[in-house]
Amino acid sequence: MNQTYQKPIPEMQPWSKEYWKGTKQHKLLIQTCNECGAKIFYPRKFCPECWSKDLGWIEAKGTARVYSFTITRDMVEPKFMPDLPYVLAMVDLDEGIRMMTRIVECDHDKIRIGMDVEVVFEDISDDCALPMFRPIRSSQD
Ligand SMILES: [Zn+2]
């Protein structure tokens, strides 16, 4: 862990604790509804489809495709300035979840919509890591 981590750290809620605990083990967990089978992201107290409180978790494969992205070059909150330029993206997980993330370990000129990516984790505190995505090596060339 980096004791000097300056950026905001996610706030743990009772219903998101398990998700963040997963990230710390470098697992990407998706909340599921035991009543109607819906896959839920981000974590919630109730199923947004049927309002059931009977929720569980599955581990995502961690593979996704880039749905959209932008290269952030300026005009960010000062704590994020040292990261510039960085790639903000929305990716579609194999499980049907669309999530906001960053694309890392990739030449910015090579990022494309539809590109295959896989999850990697950046440990930021004793309680959580941030899921980010990098190109799947075999599909990059
Ligand atoms: Zn449901």
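**View A. Proline 85 and the cis bond leading into it.** In this predicted model, proline 85 sits in the loop that joins strand 4 (63–72) to strand 5 (86–93). Look at the bond just before that ring: the peptide link from leucine 84 to proline 85 is cis. Its omega comes out near -15°.

**View B. Methionine 75, in the loop between strand 4 and strand 5.** Here the thing to check is the backbone: methionine 75 isn't a glycine, yet its phi is positive, at about 60°. Is the residue buried or exposed? Methionine 75 counts as exposed, because its relative accessibility is 78% and the cut-off for that label is over 50%.

**View C. Phenylalanine 41 to tyrosine 42, a cis peptide bond.** No proline in this pair, just phenylalanine 41 followed by tyrosine 42, with omega near 0°. Tyrosine 42 belongs to the loop between strand 2 and strand 3.

**View D. The zinc site and its four cysteines.** Which atoms hold the zinc ion? They are the SG atoms of Cys33, Cys36, Cys47 and Cys50, at 2.3 Å. Read along the sequence, these donor residues follow the spacing C-x2-C-x10-C-x2-C. As for geometry, the 4 donor atoms subtend angles of 104 to 115° around the zinc ion, so the arrangement is tetrahedral. For reference, the ideal angle for four tetrahedral donors is 109.5 degrees.

**View E. Cysteine 33 and cysteine 50, two zinc donors from distant parts of the chain.** Cysteine 33 comes from strand 1 (residues 29–33), while cysteine 50 comes from the loop between strand 2 (39–40) and strand 3 (55–59). The two are 17 residues apart, and the pair links those distant parts of the chain. How do they fare for accessibility? Cysteine 33 is at 4% relative accessibility, which means that it counts as buried. Cysteine 50, at 31%, counts as partly exposed.

**View F. Histidine 26, between helix 1 (17–24) and strand 1.** This one is in the loop connecting those two elements. What is the sign of phi at histidine 26? It is positive, near 55°, in a residue other than glycine. Histidine 26 has a relative accessible area of 38%, so the residue is classed as partly exposed.

How values were computed: Residues are numbered from 1 along each chain as its sequence is written. This is a predicted model: local features need pLDDT of at least 70, side-chain atom pairs count only at pLDDT 80 or more; totals for chains, interfaces and linings use all residues. Side-chain values use heavy atoms; hydrogens and water are left out. Donors are N, O and S atoms within 2.8 Å of the metal (3.2 Å for Na, K and Ca); water is not among the atoms, so sites may look incomplete. Four donors count as tetrahedral if all angles lie between 85 and 135 degrees; four count as square planar and six as octahedral if opposite donors are over 155 degrees apart and all others between 65 and 115; anything else is irregular. Helices (H or I, at least four residues) and strands (E, at least two) are DSSP runs, numbered from the N terminus. Buried means under 20% relative accessible area, exposed over 50%, partly exposed in between (1.4 Å probe, protein chains only).
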